[in-house]
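I opened the notebook to look up how this chain is built, beginning with what the record marks and moving on to the strands, the helix across them and the cores.

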Amino acid sequence: MVRIATRHEAAMTWKDDELCPKIKKLLKSISKDTICCKAYMSRPGEYEIHEGKSHFPLSLNNKLCSCGAWQISGIPCRHAMRAMVHAKIDPHSVVSTWYSVRTYKYSYSFSINPIPDKNQWPAYDNLPTVMPPTIKRGIGRPCRNRRREEGEDEKGKKAKTVKCTKYQSNAAKAVKASQKKAAQDQAKKAKTSQSTEVSVSQSQPQNTS
Ligand SMILES: [Zn+2]
């Protein structure tokens, strides 16, 4: 209540189109840190910022810096500030609307009903004390197993493994092909052995008694 009232009152004197005073101050301190950065433009709105040995790709068009601070906070980081100095862009214009005075005023425009302190509460001395209900123990042993979710495996059941159908089919094909080849080779071998046996038996002279 106090916070809402004081902040709402403080914001009354601020201009709607501006940023909140704290953010303005923060932008000033960030702009001081840009001294250690150098901006190199690759094309309009796209930069590479050098800071010591580190290089940061930066996009003014998409409001992105590879350090991550700009996109998280909505306030341009020192790298972005350096690029904006090069591109002659006012940093105040790219700060997120979260930090505008209009948003601040909207946040504290709601009211809370005033409440008296504890000493002013009405006294209720003669009220009966309400005790918690007595716990009745159920029949049989209490269940110690956890209730499982719908579709969850039972305790001790192995989890199902998901296999790639494409891989499976390829593997099955490969196995079938190898089996077929082995059978063909065996049949060939059997044929050749049979033919050699026949030729040997034909070439042997017959014993005539
Ligand atoms: Zn940055």
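I began with the record: an unreviewed UniProt entry lists "domain: SWIM-type" at residues 56–88, with positions in the numbering used here, the feature name shortened, and the annotation possibly inferred rather than shown by experiment. I note that this is a predicted model, in which local features need pLDDT of at least 70 and side-chain atom pairs count only at pLDDT 80 or more, while totals for chains, interfaces and linings use all residues. Residues are numbered from 1 along each chain as its sequence is written.

I then checked the span 56–88 itself, and found its end C-alpha atoms 19 Å apart, with 45% of the span in helix and 18% in strand. Helices (H or I, at least four residues) and strands (E, at least two) are taken as DSSP runs, numbered from the N terminus.

For the whole protein I counted six helices and four strands, running α-α-β-β-β-β-α-α-α-α from the N terminus on.

Next I looked at the sheet, which is open, has four strands in the order 1-2-3-4 and pairs them antiparallel; two strands pair if DSSP finds at least two bridges between them. Its edges are strand 1 (37–43) and strand 4 (64–65), each of which pairs on one side only. Strand 1 is joined to strand 2 by six bridges, with C37 opposite E51 of strand 2, and in their hairpin, where two residues lie between the strands, G45 has a positive phi near 90°. Strand 3 (residues 54–59) pairs with strand 4 over two bridges, and L58 has C65 in strand 4 as its bridge partner.

I asked myself which strands helix 4 lies across. Helix 4 (residues 78–87) lies across strand 1, strand 2 (46–51), strand 3 and strand 4, at about 65° to strand 1; angles run from 0 to 180 degrees between N-to-C directions, with axes fitted to C-alpha atoms, for helices over the stretch in contact. Contact requires C-beta atoms, placed from the backbone, within 7 Å.

Last I turned to the largest nonpolar core (buried Ala, Val, Leu, Ile, Met, Phe, Trp, Tyr and Cys residues joined through C-beta atoms within 7 Å; buried means 20 or more other C-beta atoms within 10 Å of a residue's own). Of its 14 residues, Y47, I49, L58, C65, A80 and A83 touch the most other members. Helix 4 gives the most to this core, with four residues. Apart from this core lies another, of five residues, among them L19, I23, V95 and Y99.

Methods. Two residues are in contact if their C-beta atoms, placed from the backbone, lie within 7 Å. A residue is buried if 20 or more other C-beta atoms lie within 10 Å of its own, exposed if 12 or fewer, and partly exposed in between; C-beta atoms are placed from the backbone.
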